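Please open the model in your viewer and keep the selection tool at hand, since each stop on this tour begins with something to pick out.

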Amino acid sequence: MDMAVEAGVIKQHLIDPEICIRCNTCEATCPVNAITHDDNNYVVRADICNGCMACISPCPTGSIDNWRTMPLVRAYSIEEQFTWESLPAELSTEELEAAGVSAEAAGDAAAAVPAQTQAQAQAAVESVEPVFNSAQYGATVPPWSAAHAYTNLFAPKAPTTATVVGNFNCTEAGFDSETHHIVLDFGVVPFPVLEGQSIGIIAPGVDAIGKRHHARQYSVASPRNGERPGYNNVSLTVKRVTEDHQGDPVRGVCSNYVCDLKVGDTVQVVGPFGTSFLMPNHPRSHIVMICTGTGSAPMRAMTEWRRRLRKSGKFEGGKLMLFFGARTQQELPYFGPLQSLPKDFIDINLAFSRTPGQPKRYVQDLMRERAADLAALLKDGASHFYVCGLKSMEEGVVLALRDVATEAGLDWDTVGAALKREGRLHLETY
Amino acid sequence: MSTINYSEKIPNNVNLGEDRTLQRALEGWQPNFINWWDDVGPEGSTNHEVYLRTAVSVDPQGWAQFGHVKMRDYRWGIFLNPGDANREIHFGDHKGEKAWQDVPGEHRANLRRIIVTQGDTEPASVEQQRHLGLTAPSMYDLRNLFQINVEEGRHLWAMVYLLHKHFGRDGREEAEALLQRTSGDANNPRILGAFNEKTPDWLAFFMFTYFTDRDGKFQLAALAESAFDPLARTTKFMLTEEAHHMFVGESGVSRVLARTAQVMNELKTDDPLKVRAAGAIDLGTIQRYLNFHYSVTIDLFGADQSSNAAIFYSSGLKGRYEEGKRGDDHVLKGQTYKVLEVKDGQLVEKDVPMLNALNEVLRDDFIKDSVAGVGRWNKVLEKAGIPTRLTVPHKAFNRQIGALAGIKMSPEGRVVNEVEWAAKRDEWLPSAEDFAFVASLMGRVVEPGKFAGWISPPVMGINRQPVDFEYVRFG
Ligand SMILES: Cc1cc2nc3c(=O)[nH]c(=O)nc-3n(C[C@H](O)[C@H](O)[C@H](O)COP(=O)(O)OP(=O)(O)OC[C@H]3O[C@@H](n4cnc5c(N)ncnc54)[C@H](O)[C@@H]3O)c2cc1C
Ligand code: SF4
Ligand code: SF4
């Protein structure tokens, strides 16, 4: 998997000022404070909205559900949006091309929009070219046997404080994409989390326009009973962002703050978030985990929880299968501990895209190699699939699943729909 | 004794299952609520399955669950927005102290009164809208009406929860009384005037949900600032639902205007009689309905000078709209505010102590918000190339409460004498004839995707469903 994300194109989230009744519901709902207003309009900040869709169904008018394929550099600013009386038209293919956005990249941006808005996204890019919408297969419901998740206990306006009790560099030092394993302790404050959920961290200080930084989301990397069992703590896997999606050098606000934290420091935390990317709990359930980079965080959480349960004699029947991609072995977080897990417990497949002297291998290549095993799992209603990591991996992975199914004589439309309906295919890419 | 499993039937985040006293109190109240719903709730709807939005928790995933439900089986949950253990009182004399989790003895009577008054408006609107289901202009509109009804019902539950949980025996008695008063009842009416007015037709309903539910928004927003934390958190959550009600009003009137404009353009006329003959509502009638609902609603904010308002604010019971976003000292002592009065036949402004003018402050905030929406209605006309514009009447027009009560005033704000008022009244406010005409249009249309001739279809369906979705399944 190539870590660099292609093309500066986004699906920008916009509010239709002609339909919006300025009721403030979306602003009150958005977990990351991406929505703001003036006397005229309600608007979404393109740089903060992460497309989590939390605002979509609460909006009474539907005006919130608008998306435009935009070159990142031409994304509408909030000042511009404040002046609008109606939504601007979608840029034409020619305009997009003039801005250096290929039809393919525009399609990718559409695929990155979560499932609920696929219809609109699809309509918007139809003029470009038909695309495979991987996101449409992602479930919005949890597996039936998942535990109940608590969410939004701490809102951005009322964050809680956690203390750093551990911070380790878990990639080999000296590599660009340094990744840290951070442990946060909540003391006596209730902060229940499940594997697959994420939390938000608010970096101190203010942004360029003087507003408090918005919260960045990080997946929980520890199991439900804590990194250290029996203590009120969680761990995170945070990659230092040193270059932006275009590859230009940049110092990511929150990831660098987190990676530089010292034991004893305190951090502002919001959340937890996430009600569907949750693990099944019945003893015969299989889990297939496909990830790149820090997308390994939820996979580590799930694996560790199964490992702890296995020690207690449960989950003999359920299989674990992992596909994990990084540029090099050195950049793979948790590489050491992964190697020491018993083979009969987890079936590990590692893909490196930049090992000198070796051909590039991506997670989807490995999946195709393991088609026979994956096909068997796809046929089994107890199998659950989890995909997490950079946005650019998602489509390739879901396409690989589709091909595996088709080659095994399964009808992907049927299988894909069942996976979605039954909460058995989960996509979390960022 | 009923054996209701409350945590299942009544989704809640107030630990109902573990609070025996509260549970028993609500067990007593619940059957009476259902009786009230059956008696004066939406008429003839018992067996309909309605595509409703139900809240099952307060997080974004939980509070907007859509599905077909019989209204009687709707889950009237009890929800408080997540709390902040360190929240401080941010206005009034107690500013800087910790917000109260319990009712302080000295504020008990006032708080109860505030909660009862708010609670009383919730069942009232259900009663006022009771017959509208029989004349719905479409299945989509019917669904919206029912959605509003169940949420008003839930808001009643929210206030009843506060009364039961925090006010002991008198709280329980007040909660009972909420089900005994009835809108428009000569012997036992609802507390506030506007909630005893009839909602005779759908144009009135849209105006009511636009203006009067917006009063709800501002009252709830002011209560959401309260030092009494449970009240603040309850009303915060109610606000998210109130939004839908205002949406029904705002988009409803927009759709009426769109249809009227279409007819005017098709017939190339601005003659109200021709518009009416074509089965649409003429712009003059719409303006008169607007004048009426606007003036009745701004009365809801109370007298322009009120020592109660000052007490409520200073003691931290009720803040201003968006209190937290204002840049002043949040104590307001020694400051002044301008209110209107009539002197020598002229309207004049005078300065009064700000604390006593807080009703007027909230009214003015409301006015600003309403006027912006009327501007959006005018966009509909503008787009259709119709030169007429709707306006809100003067603040002093047709007022029944406060210093302006009973003063005869034109919509532009000119003091007029009785003779002129009598002559012009039917130009300014809906006449019996207007009501009769609008009523004549109210035939029931409930085939999916079909709409009565006086209103346009909505721009989009509810929850991204198509406009011709089966929003109501008739049992
Ligand atoms: C649900 C969810 C779960 C997440 N889980 C994790 C996790 O477990 N571990 C983790 O490290 N991150 C995770 N992220 C990403 C994380 O929230 C931040 O986006 C990331 O840490 C960058 O934040 P920053 O403040 O450092 O950079 P910013 O200051 O916000 O951004 C600086 C620049 O870098 C670009 N940029 C942002 N993120 C990346 C990236 N990942 N790669 C390249 N360029 C980027 C931005 O577009 C911007 O131009 C998750 C995101 C989501 C939505
Ligand atoms: S999609 Fe999520 S992040 Fe974006 S505005 Fe809506 S709630 Fe906020
Ligand atoms: S929730 Fe919808 S209608 Fe309300 S302000 Fe936000 S976009 Fe507008």
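Begin by selecting ligand 3 in this predicted model, together with the 14 residues around it, among which A:C20, A:C23, A:C26, A:C59 and A:T61 come nearest. If you colour this shell by residue class, you should find nine nonpolar, four polar and one charged residues.

Move next to ligand 2, which is also surrounded by 14 residues, and look for the closest of them, namely A:C30, A:C49, A:C52, A:M53 and A:C55. Coloured by class, the shell around ligand 2 shows eleven nonpolar and three polar residues, while charged residues are absent from it.

Now select ligand 1, which has 20 residues around it, with A:Q217, A:Y218, A:T237, A:C254 and A:S255 as the closest. Which atoms of the protein should you look at here? At A:T237, turn to the backbone, where an N or O atom lies 2.7 Å from a nitrogen atom of ligand 1. The backbone of A:K239 likewise places an N or O atom 2.9 Å from an oxygen atom of ligand 1. For A:T294, show the side chain instead, because one of its polar atoms lies within the 3.5 Å limit for a polar contact, at 3.5 Å from a nitrogen atom of ligand 1.

Leave the ligands and display chain A and chain B together, selecting the residues that make the contact: 27 from chain A and 26 from chain B. The size of an interface is often given as the accessible area lost when the parts come together. Here about 2,200 Å² is buried between the two chains, and carbon and sulfur atoms give 55% of that area. Within chain A, pick out A:I21, A:S57 and A:P60, which lose the most area to chain B and together make up 23% of what that side buries.

Three salt bridges are found across this interface, and one that you can display is formed by the side chains of A:E85 and B:K379, with N and O 3.9 Å apart. On the side of chain A that touches chain B, helix α1 (residues 25-29) gives the most, with three residues. By class, that side of chain A has ten nonpolar, eleven polar and six charged residues.

Finally, select helix α11 (residues 358-383) of chain B and set a distance between its end C-alpha atoms, which are 38 Å apart; this agrees with the expected span, because 26 residues at 1.5 Å a residue should also span 38 Å. Following α11(B), stop at B:G385, whose phi is positive, near 75°.

Notes
Residues numbered from 1 in each chain as written. Chains lettered and ligands numbered in written order. Predicted model: local features only at pLDDT ≥ 70, side-chain atom pairs only at ≥ 80, totals over all residues. Heavy atoms only, no water. Near = heavy atom within 4 Å. Nonpolar A, V, L, I, M, F, W, Y, C, P; charged D, E, K, R; others polar. Contact = heavy atoms within 4.5 Å. Buried area = accessible area lost by both parts, 1.4 Å probe. Salt bridge = Lys/Arg side-chain N within 4 Å of Asp/Glu carboxyl O. Helix = DSSP H or I, 4+ residues; strand = E, 2+ residues; numbered from the N terminus. Expected span 1.5 Å × (residues − 1). Polar contact = N/O pair within 3.5 Å; in protein donor to acceptor, adjacent residues only side chain to side chain.
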